[in-house]
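Subject: Structure handover

Hello,

Here is the structure for you to look through. My notes on what turned up follow below it.

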Amino acid sequence: MTAQAQPTSDVIGLTKVAPFSRRGFMTASAAVTAGYTLAAGPVRAEVITTPADGLTTGDAKIKVADGEMPGYFARPANAANPPVVLVAMEIFGLHEYIKDVTRRLAKLGALAVAPDYYFRKGTDLTKIADIKELLPVVNAKPDAELFSDLDATVAWAKAQGGDTTKLGIIGFCRGGRTVWEYASHSTALKAGVAFYGPVVDPQNPLWPKSPTQLAPEMKAPVLGLYGSADTGIPVAQVEAMKAALAENKKTAEFKIYPDAPHGFHADYRPSYRKEAAEDGWKMAIDWLKKNKVLS
């Protein structure tokens, strides 16, 4: 099996979940109409929907070295110099859950932007129904290119009037790995929040170092939020990451939610756990405030 096709710990966590009842879920056609994606699995009928009133929202076109990268942004209407928060998506593309998270952050005063950094393959990930078809696309993303795309997103936000001296990043699933990786790269980053981001990678020449290997290089404090029932990210790996950061005197905090599976914050998925999701979100916002990203 090639590195590009190999299931990663986030994918294992997404696919090895407990059985669920079909009651309370949208039909596939309704889910797609609502802006979700079939590869993400069944979509709960009671998803969180954040209205755009009081916000300016829309599609972004972010200049990168080889063209324009699409994205989605939300910001408080008429706000001057809002702090900037990057939203790192799951493997499913820039679908409605990620856009909603972006609006939630804007409601808290941020210019939040979610870049679609898988765009170069010319494939709309939200239109793919089989997770196996996603893997060759998302696993082929080089970390060096990812860092460049995120740096370009920060530059775009600054050009839109965002205050990049107050820069944060929040990510989910594969996006949680992105948080750890970017925290090792960016000297401008003030804080990151990783929701169940993998900390150990399979062998992939495009990913030179896993988050745990990058512990000595972390440049920003990160909050890691994990579930003890995550079938892809064992608690032992999280504890090893915690120990590596402590050994290198890096600032980080962790919380492991008992019995919570991978994807516990994803309110559109069967993996959603309301109590853990709400507590994790509160901790995330408190972390961004503590580290002077949000006020």
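A contact here means heavy atoms within 4.5 Å. Please keep in mind that this is a predicted model.

**A buried leucine**

With that cut-off, start at Leu 134. Leu 134 sits in helix H4, residues 131–138. Its contacts are Ala 39, Ile 91, Phe 92, Leu 125 and Ile 128, leaving out residues up to four places away in sequence. Ala 39 is 95 residues away from Leu 134 along the chain, yet their C-alpha atoms are separated by 8.2 Å. Is Leu 134 buried or exposed? Leu 134 has 0% relative accessibility, and the limit for buried is under 20%, so Leu 134 counts as buried.

**The chain overall**

The protein chain has 8 helices and 8 strands. Its radius of gyration is 18 Å, and the globule rule gives 19 Å for 295 residues, so the chain is as compact as a globular protein of that length. Along the principal axes, the C-alpha atoms fill a box of roughly 45 × 45 × 40 Å.

Burial comes to 56% of the 295 residues. The accessible surface is about 12300 Å². Carbon and sulfur atoms hold 54% of that surface.

Contacts also reach along the sequence. Take those between residues at least 6 apart: 73% of them join residues at least 24 apart.

**Charges and salt bridges**

The chain carries 34 positive and 31 negative charges. The mean positions of the two sets are 3 Å apart. Side chains of opposite charge can pair when their charged atoms come close. How many salt bridges are there in the whole structure? The search finds 20. Three pairs are described here, followed by a network.

Asp 10 and Arg 174 form a salt bridge, at 2.7 Å from N to O. Asp 10 belongs to helix H1 (residues 9–15) and Arg 174 to helix H6 (residues 174–185), so to speak of sequence, the partners are 164 residues apart. Both residues are buried.

Lys 107 pairs with Asp 53, and their closest N and O atoms are 3.3 Å apart. This pair also links distant parts of the chain, with the two positions 54 residues apart. Lys 107 is in helix H3 (residues 96–107). Asp 53 is in the loop between helix H2 (28–33) and strand E1 (55–64). Lys 107 is partly exposed, at a relative accessible area of 37%. Asp 53 is exposed, at 52% relative accessibility.

Asp 201 and Arg 177 make another salt bridge, with the closest N and O atoms 2.9 Å apart. Asp 201 lies in the loop between strand E6 (191–195) and strand E7 (222–227), and Arg 177 lies in helix H6, 24 residues apart. Asp 201 is buried, with a relative accessible area of 17%. Arg 177 is buried as well, with a value of 3%.

Which residues do shared partners join into one network? They are Asp 66, Arg 120, Lys 141, Glu 145 and Asp 149.

**Around Arg 174**

Back to Arg 174, in helix H6. Its relative accessible area is 4%, which puts Arg 174 among the buried residues. Beyond residues up to four places away in sequence, Arg 174 touches Asp 10, its salt-bridge partner. Other contacts of Arg 174 include Thr 8, Val 11, Met 89, Ile 91, Tyr 118, Val 138, Asn 139 and Trp 207. Ile 91 is also on the contact list of Leu 134.

**Two backbone angles to check**

Most residues other than glycine have a negative phi, and most peptide bonds are trans. Two residues here have a positive phi.

- Cys 173 has a phi near 60°. Cys 173 is in the loop between strand E5 (163–172) and H6. With a relative accessible area of 0%, Cys 173 is buried.
- Asp 259 has a phi near 65°. Asp 259 is in the loop between strand E8 (252–257) and helix H8 (274–290). With a relative accessible area of 64%, Asp 259 is exposed.

Best regards

Definitions and conventions: Residues numbered from 1 in each chain as written. Predicted model: local features only at pLDDT ≥ 70, side-chain atom pairs only at ≥ 80, totals over all residues. Heavy atoms only, no water. Helix = DSSP H or I, 4+ residues; strand = E, 2+ residues; numbered from the N terminus. Rg over C-alpha atoms; globule rule 2.2 N^0.38 Å. Buried < 20%, exposed > 50% of the residue type's maximum accessible area, 1.4 Å probe, protein only. Areas by Shrake-Rupley, 256 points an atom, 1.4 Å probe, with all protein chains shown as cover. Lys, Arg positive; Asp, Glu negative; His and termini not counted. Charge placed at Lys NZ, Arg CZ, Asp CG, Glu CD. Salt bridge = Lys/Arg side-chain N within 4 Å of Asp/Glu carboxyl O.
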